[in-house]
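I opened a fresh page for this model. My plan was to go through sheet, helices, loops and ligand, and to write down what I found.

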Amino acid sequence: MPWLGLGVFQMQDGPEVKNAVTAALELGYRSIDTAAGYRNEQGVGEAVRESPVPRDEIFITTKLANGDHDRAMEAFEESLDRLGMDYVDLYLIHWPVTGKFQKSWKVLEEIHASGRAKAIGVSNFQIHHLEELKQDSAMTPMVNQVEFHPFLTQEPLREYCQSEDIQIEAWSPLGQGQLLDNAVLQDMAEKYGKTPAQILLRWDLQHQAVTIPKSVKRHRMQENADVFDFELSAADMQSLDALNKDHRFGPDPDTFV
Ligand code: NAD
């Protein structure tokens, strides 16, 4: 799984998402994160099909929507149809819908066994959800995609996932853009000759978190991908960690579904 991908939440299906995915692939991105709930799988699929980059060099993630738990297999097949693909690289349960996700996980296991999702995982699962899942499942989720940035460092969850061999993937790594004017971050950006966004994304990577920043602008995509040529010191990692205030820009998984 690539360490960096393009998130396409809130991109309009059609030209907006298509142009963004096309630009990302041209710039060297090899991972795209969509979801049935984003309603733009079709545009993602078109851009991938029209790209000169072979399908097997691109990592496609999509997700089971909250309203589809009682028809998970059908919903997955509809996602494949909209994407125009015969497999995805990663299929995730988007949110831990209470009383439903255990049954859906068995469907994901079946999908994985059929080869139509090369990997399966979850999103927005807290430790207690993962513990509950573990009680009655054959496979451990390979990935847990959660909100993760210096205002929400998720330390217990990250430790738990590491011990269970579950890869953490960071959503809203830039705090939906709202973290970028933080003073600590801005000082650090100046010190490293990088931008605040690059510091945040580098922080993800050094925490072994896969990261999927969203932008529709080519120059920002380029900026966000340029994070492999420097390293934050241990002290600077700690200064960023110290910004934690368990603040969520997105919904709380314990109250949202
Ligand atoms: P993000 O933290 O990636 O921030 C995106 C916003 O930051 C953009 O709209 C843009 O305005 C701004 N931005 C991007 N690059 C910038 C740069 N270099 N300089 C200045 N501003 C910049 O927010 P996000 O879209 O919420 O999260 C990223 C992806 O994570 C989503 O697109 C989606 O794929 C995924 N996601 C998943 C879930 C989930 O429940 N699993 C929830 C939210 C998001």
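My entries follow, by topic.

**Ground rules**

I am working with a predicted model, where local features need pLDDT of at least 70, side-chain atom pairs count only at pLDDT 80 or more, and totals for chains, interfaces and linings use all residues. I number residues from 1 along each chain as its sequence is written, and side-chain values use heavy atoms, with hydrogens and water left out.

**Sheet**

I looked up the strand order. I found 8 strands in an open sheet, ordered 1-2-3-4-5-6-7-8, with parallel pairing. The edges are strand 1 and strand 8 (210-211), each paired on one side only. Strands here are DSSP runs of E with at least two residues, helices are runs of H or I with at least four, and both are numbered from the N terminus. I count two strands as paired if DSSP finds at least two bridges between them. As a reminder to myself, strands of a sheet pair through backbone hydrogen bonds, either parallel or antiparallel.

I then checked two pairs. Strand 3 (residues 59-64) runs parallel to strand 4 (residues 88-93), with 4 bridges. Within that pair, Thr62 has Tyr91 of strand 4 as its bridge partner. Strand 5 (residues 117-123) and strand 6 are parallel too, joined by 2 bridges. There Ser123 is bridged to Gln145 of strand 6.

Why do I call strand 6 (residues 143-147) largely enclosed by the rest of the structure? Because 5 of its 5 residues are buried. My cut-offs are under 20% relative accessible area for buried, over 50% for exposed, and partly exposed in between (1.4 Å probe, protein chains only).

**Helix 1**

I measured off helix 1 in the model by its ends. Its 13 residues (15-27) reach 18 Å from first C-alpha to last, close to the 18 Å expected at 1.5 Å a residue. The expected span is 1.5 Å times one less than the number of residues. Just after the helix, Gly28 has a positive phi of about 105 degrees.

Which residues of helix 1 are buried? I list Val17, Lys18, Ala20, Val21, Ala23, Ala24 and Leu25. They pack against strand 1 (6-7), strand 2 (31-33), helix 2 (41-50) and helix 9 (218-225).

The lysine in that list made me look again. Lys18 touches Gly43, Glu46, Ala47 and Glu50, leaving out residues up to four places away in sequence. Contact means heavy atoms within 4.5 Å. The C-alpha atoms of Lys18 and Gln42 are 8.8 Å apart, with their positions 24 residues apart along the chain.

**Two histidines**

His129 sits in helix 5 (residues 127-135). I class His129 as buried, because its relative accessibility is 5%. A polar atom of its side chain is 2.9 Å from the backbone nitrogen of Gln126. Beyond four places in sequence, His129 touches Pro96, Phe101, Asn124, Pro253 and Asp254.

His149 is in the loop between strand 6 and helix 6. His149 counts as buried, at 0% relative accessibility. Its side chain makes a polar contact of 2.7 Å with the side chain of Glu147. A polar contact is a pair of N or O atoms within 3.5 Å; within protein, one must be able to donate a hydrogen and the other to accept it, and residues adjacent in sequence count only if both atoms are side-chain atoms. Farther along the chain than four places, the contacts of His149 include Ser172, Trp203 and His247.

**Positive phi**

Most residues other than glycine have a negative phi. I noted two non-glycine residues with a positive value. Asp165 has phi near 65 degrees. Asp165 lies in the loop between helix 6 (155-163) and strand 7 (167-171), and is exposed at 69% relative accessible area. Ser172 has phi near 50 degrees. Ser172 is in the loop between strand 7 and helix 7 (183-192), and is buried at 13%.

**Ligand**

How many residues surround the ligand? I have 27, the closest being Asp33, Ser123, Gln145, Ser172 and Leu174. A residue is near if one of its heavy atoms lies within 4 Å.

A side-chain N or O atom of Asp33 is 2.6 Å from a ligand oxygen. Backbone N or O atoms also approach ligand oxygens: 2.7 Å for Leu174 and 3.0 Å for Phe9. The protein covers 88% of the 830 Å² of accessible area that the ligand has on its own. Those areas come from the Shrake-Rupley method with a 1.4 Å probe; for residues, only the protein chains shown count as cover.
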